[in-house]
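Visitor: Before we get going, could you put the model up and let me quiz you on the wording? I'd like to see every label set against its cut-off.

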Amino acid sequence: MSLEQLLAWIPPGSADLDLARQIQPDRLPQHVAIIMDGNGRWAGRRHLPRVEGHRAGIQSVRDVLETSARLGLGVLTLFAFSVENWKRPASEVSTLMMLLRRYLRSELATLLEHDIRFKVVGRVDGLAPEIRAELTDAERRTAANAGLLFNIALNYGGRTEIVDAARAAMAAGIAPEALDEDRFAQFLYTAGQPDPDLLIRTSGEMRVSNFLLWQIAYSEIYVTETYWPDFRRRDLLEAIVAYQKRDRRYGGIAPPVVAGVP
Ligand code: IPE
Ligand code: IPE
Ligand code: MG
């Protein structure tokens, strides 16, 4: 997959094509993580029940996933359900879980077609057995795929993940003096994956809501007012173009500006 692949997929004359052409293929983010937010408010604006926002958000997931795969991103992580989201009314939680199952069933063919590897990050043990079985099945059936890695964060909490990693490190018998940042990261749900380069949050909220706390240490943050059900290919491309204009310093200093070099 590559930028050419993406350009060939976008219909001629579409405004997205101009946007896609602004992307520098050699400076793509390796890992994009998204806090999909604003489903309830999207529905509220239309005088619909909140769950209609979740239902509508599935089309955004499809579009963003296919765009990411065609563009050639390495990892896409979508925050779908937090450890705190159990506080919501039981009917909303059960609809979310039902939509998740339905999504998995209907999208498995797409995952296979686009060479996408599927992985759940979060406390899987806390999910209902029938959901767990479908998640494990999707992971198993896509395990050999070598394209985009699609992480879905479910029953996920950043602090929970860090506690789980600490427990796993202790259980593995790691001596305290042998533990450093790289070793510790091997016990996170995202072991072996690059940290997100770009963290997107939809719906305008300026907070991270317990998402990937360890991994976003140096991620570039992009917040858009767009509600998740309205977020499409164009919005992802806009975020990537904005990301490519950022100056990532990692605590260092900006490189000198060379006259004549843009
Ligand atoms: C995001 O939309 C979806 C989940 C958290 C599952 P919300 O349901 O949080 O929608 P708002 O933020 O209330 O509008
Ligand atoms: C974050 O959204 C969690 C997910 C997107 C799954 P929330 O809607 O739960 O976050 P808060 O409550 O606004 O911080
Ligand atoms: Mg929300």
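Visitor: What makes the backbone of Gly38 a polar contact of ligand 1?

Guide: A backbone N or O atom of Gly38 sits 3.4 Å from an oxygen atom of ligand 1. A polar contact is a pair of N or O atoms within 3.5 Å (inside the protein, one must also be able to donate a hydrogen and the other to accept it, and residues adjacent in sequence count only if both atoms are side-chain atoms), so Gly38 qualifies. The backbone of Arg41 also passes, at 2.8 Å, and so does the side chain of Arg88, at 2.6 Å. The protein covers 87% of the 380 Å² of accessible area that ligand 1 has on its own (Shrake-Rupley method, 1.4 Å probe; for residues, only the protein chains shown count as cover).

Visitor: What are the ground rules here?

Guide: This is a predicted model: local features need pLDDT of at least 70 and side-chain atom pairs pLDDT 80 or more, while totals for chains, interfaces and linings use all residues. Residues are numbered from 1 along each chain as its sequence is written, chains are lettered from A and ligands numbered from 1 in the order written, and side-chain values use heavy atoms, leaving out hydrogens and water.

Visitor: Which side chains make polar contacts with ligand 2?

Guide: Among them are Asp37 at 3.2 Å, Asn85 at 2.9 Å and Arg88 at 3.2 Å. Cover for ligand 2 comes to 78% of its 390 Å².

Visitor: Why are strand 3 and strand 6 called edges?

Guide: The open sheet has 6 strands in the order 3-4-2-1-5-6, with parallel pairing. Strand 3 (117-121) and strand 6 (220-223) each have a single partner, so one side of each lacks a neighbour in the sheet. Strands are DSSP runs of E, at least two residues, and helices are runs of H or I, at least four, both numbered from the N terminus.

Visitor: How do you know that strand 2 and strand 4 pair?

Guide: Pairing takes at least two DSSP bridges, and 7 join strand 2 (75-82) to strand 4 (149-156), so they pair. One of the partnerships is Thr77 with Asn151. Helix 4 (50-71) packs on the sheet, touching strand 1 (31-35), strand 2 and strand 4 (contact: heavy atoms within 4.5 Å). Helix 4 makes about 160° with strand 2 (axes are lines fitted to C-alpha atoms, for helices over the stretch in contact; angles run from 0 to 180 degrees between N-to-C directions).
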